[in-house]
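I am opening a notebook on a structure that is new to me, and I will write down what I look up as I go. The entries begin with the chain as a whole and then turn to its parts.

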Amino acid sequence: MLVPAVRIFRLSPLDKEREDRSLASGRAAVALGRKVLAENPPPNIPKIAQPKTETPETPSSRPPDDLRIQTAIDRKLKAKGEWRSLERQHLSLANEHVGKAERVISEQTALIENLRCDGQDTKLAEETMRVFEANLQVMREHRELILRAIEETDEGL
């Protein structure tokens, strides 16, 4: 019967030493974690109050249908107003980010020009500039998404 050859993988002494140090470091970290957990009591976090469940309404205690419909419409309009306000906050933040990115790009352009004037290598600075420009493009696209969401919300009113 033919037995397939089995390769035995052996670590070099240097790799074995590294493996042992890594294992010892991991064991020390686990021991320290257990010690910290044992010495510190669990946090005293108050439980969140559960919402009270409403009793089902009897037909006589229900408000008239017109009032219920108007209440639902009012809630929906209020939610849309809150949504629009939130989107406008996001738009303001996106505008700030785009402005900051444009300033960073202009500073990076000036830095590249200074490096060229001094005869230094600009390869890394130019690669960084390309990354900044790609990020700016993503920020502008995100701002456009926010603007479209605001427009859709306004059209729905």
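**Entry 1: the whole chain.** Before counting anything I fix one term: two residues are in contact when heavy atoms of theirs lie within 4.5 Å. I also note that this is a predicted model. With that term in hand, I looked at the contacts between residues at least 6 apart in sequence, and found that 70% of them join residues at least 24 apart. The protein has three helices and zero strands, so I read its pattern along the sequence as α-α-α. Of its 157 residues, 11% count as buried. I then looked up the exposed surface, which comes to about 14000 Å², with carbon and sulfur atoms supplying 58% of it.

**Entry 2: helix α2.** I turned next to α2, which covers residues 65-117. This helix has 53 residues and reaches 77 Å from its first C-alpha to its last, close to the 78 Å expected at 1.5 Å a residue. Which residues of α2 are buried? I listed Glu87, Leu91, Ala94, Val98, Gly99, Ala101, Ile105, Gln108, Ile112 and Leu115, and I noted that the buried residues of α2 pack against α3, residues 123-155. On the surface, Ile69, Ile73 and Leu77 make a nonpolar patch of about 270 Å², and Ile69 has its place in α2. Just after the helix, I found Gly119 with a positive phi of about 75 degrees.

**Entry 3: helix α3 and the loop before it.** I then followed the chain into α3, which has 33 residues and reaches 48 Å from its first C-alpha to its last, close to the 48 Å expected at 1.5 Å a residue. Its buried residues are Ala125, Met129, Leu136, Ile146, Ile150 and Thr153, and what covers the buried residues of α3 includes α2. In the loop between α2 and α3 I looked up Thr122. Is Thr122 buried or exposed? With a relative accessible area of 10%, Thr122 is buried, because the cut-off for buried is under 20%. Leaving aside neighbours within four places in sequence, Thr122 is in contact with Ile112, Leu115 and Arg116.

**Entry 4: the nonpolar core.** I wanted to know which residues form the largest nonpolar core. There are eight of them, namely Val98, Ala101, Ile105, Ile112, Leu115, Ala125, Met129 and Leu136. Both α2 and α3 supply at least two residues of this core, and α2 gives the most, with five residues. I looked more closely at Ile112, which touches Thr122, Ala125, Glu126 and Met129 when residues up to four places away in sequence are not counted.

**Entry 5: charged pairs.** I went through the salt bridges, and the count comes to six. I began with Asp20 and Lys16, whose closest N and O atoms are 3.9 Å apart. Both lie in helix α1, residues 13-39, and they are four residues apart, about one turn of the helix. I noted that Asp20 is partly exposed at 40% relative accessibility, and that Lys16 is partly exposed at 46%.

The next pair I looked up was Arg140 and Glu102, whose side chains meet in a salt bridge at 2.7 Å, N to O. Arg140 lies in α3 and Glu102 in α2, so this pair ties together parts that are 38 residues apart in sequence. Arg140 counts as partly exposed at 31% relative accessibility, and Glu102 counts as partly exposed at 37%.

I then came to Glu126 and Arg116, which meet in a salt bridge at 2.4 Å, N to O. This pair links distant parts of the chain, with Glu126 in α3 and Arg116 in α2, 10 residues apart. Glu126 is partly exposed at 24% relative accessibility, while Arg116 is partly exposed at 44%. Salt bridges that share partners join Glu113, Arg116 and Glu126 into one network.

**Entry 6: one last pair of positions.** I closed with Glu144, which has its place in helix α3 and counts as partly exposed at 39% relative accessibility. The C-alpha atoms of Glu144 and Ala94 are separated by 9.5 Å, and these residues are 50 residues apart along the chain.

Key:
Residues are numbered from 1 along each chain as its sequence is written. This is a predicted model: local features need pLDDT of at least 70, side-chain atom pairs count only at pLDDT 80 or more; totals for chains, interfaces and linings use all residues. Side-chain values use heavy atoms; hydrogens and water are left out. Patches are made of residues with over 30% relative accessible area and no salt bridge: like charges are joined within 9 Å, nonpolar side chains (Val, Leu, Ile, Met, Phe, Trp, Tyr) within 5 Å. Accessible areas come from the Shrake-Rupley method with a 1.4 Å probe; for residues, only the protein chains shown count as cover. A salt bridge is a side-chain nitrogen of Lys or Arg within 4 Å of a carboxyl oxygen of Asp or Glu. The expected span of a helix is 1.5 Å times one less than its number of residues. Buried means under 20% relative accessible area, exposed over 50%, partly exposed in between (1.4 Å probe, protein chains only). A nonpolar core is a set of buried Ala, Val, Leu, Ile, Met, Phe, Trp, Tyr and Cys residues joined through side-chain atoms within 4.5 Å.
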